[in-house]
Amino acid sequence: MPKRKRKPKSTAASDVSGEDIVVLRETVPLQLRYYGDPVLRKRAEPVAEITDSERQLAEQMLMTLYATGNGIGLAATQVGVLKRLIIVDIGEEDDEEYEPLVLFNPELLSSDGEIVAEEGCLSIPDVTADVKRPESIVVEGVNLQCEAIRIEADGLLARVLQHEIDHLNGVLFIDRISGLKRRLLSEELTRIQQAEKPY
Ligand SMILES: [Zn+2]
């Protein structure tokens with residue numbers, strides 16, 4: 001999910017300060033998959049074991065996210081890998097600094113409230129829409145150190161987590177808007193679908 005209504009973040013990969021996340025210098029960004037690619041509609045498989053290859057995938061995804069310049073979240077599905085892995089880095093919100101988050105097998109445990117906010121998606125460039133989602137959520141998953149973690153989130157973090165978990169189930173944010181609104185976006189969606197490389 002890209003950042004909206006903010007200045008694009010210019011964080012270089014080497015500036016990542018997450019204690020246990022080291023983006024290797026030789027890591028190269030992965031190819032993003034775009035709307036129309038069938039992989040975006042598939043359900044990702046749970047990760048049974050976190051090995052070096054999963055760790056490397058997480059690092060490559062972070063590199064890919066930072067390479068977009070305005071990304072705040074990415075699901076493995078968006079780089080064509082059907083594993084239940086998401087990464088989130090919202091930077092700072094309300095003067096609070098958030099560490100990059102790597103989460104395997106994320107599960108939405110509970111949700112509360114309802115709020116509408118604008119969303120976009122790195123796989124659907126230049127398309128935004130207001131999406132109604134629960135306002136606060138509890139998510140469980142496994143971090144890079146194979147520890148089970150529980151996250152209580154609201155605001156932007158809650159929104160990104162829900163958006164990225166949707167990707168693991170083959171769901172896109174445009175599925176959560178009305179048919180009428182989607183028809184209004186149909187020209188843009190067709191453009192992305194027909195482009196060889198939107199970027
Ligand atoms: Zn997305």
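Visitor: Where is the place of Cys 146?
Guide: In this predicted model, strand β8 covers residues 136-142 and strand β9 covers residues 148-154. Cys 146 falls between these two strands. Its place is therefore the loop between β8 and β9.

Visitor: Does Cys 146 count as buried or exposed, and what is its phi?
Guide: Cys 146 has 10 C-beta neighbours inside 10 Å. A residue with 12 or fewer is exposed, so Cys 146 counts as exposed. Although Cys 146 is not a glycine, its phi is positive, at about 65 degrees.

Visitor: Which strand holds Asn 105?
Guide: The residue number 105 lies within the range 101-112. That range belongs to strand β5.

Visitor: What is the phi of Asn 105, and how does the residue count in terms of exposure?
Guide: Asn 105 is a residue other than glycine with a positive phi, near 45 degrees. Inside 10 Å it has 19 C-beta neighbours. Burial requires 20 or more, and exposure 12 or fewer, so Asn 105 counts as partly exposed.

Visitor: How many helices and strands does the protein have, and in what order do they run?
Guide: The protein has four helices and nine strands. From the N terminus, one helix comes before the strands, and three helices follow them. The order is α-β-β-β-β-β-β-β-β-β-α-α-α.

Visitor: What percentage of contacts between residues at least 6 apart in sequence join residues at least 24 apart?
Guide: The protein has 199 residues, of which 35% count as buried. Among its contacts between residues at least 6 apart in sequence, the share joining residues at least 24 apart is 70%.

Key
Residues numbered from 1 in each chain as written. Predicted model: local features only at pLDDT ≥ 70, side-chain atom pairs only at ≥ 80, totals over all residues. Contact = placed C-beta atoms within 7 Å.
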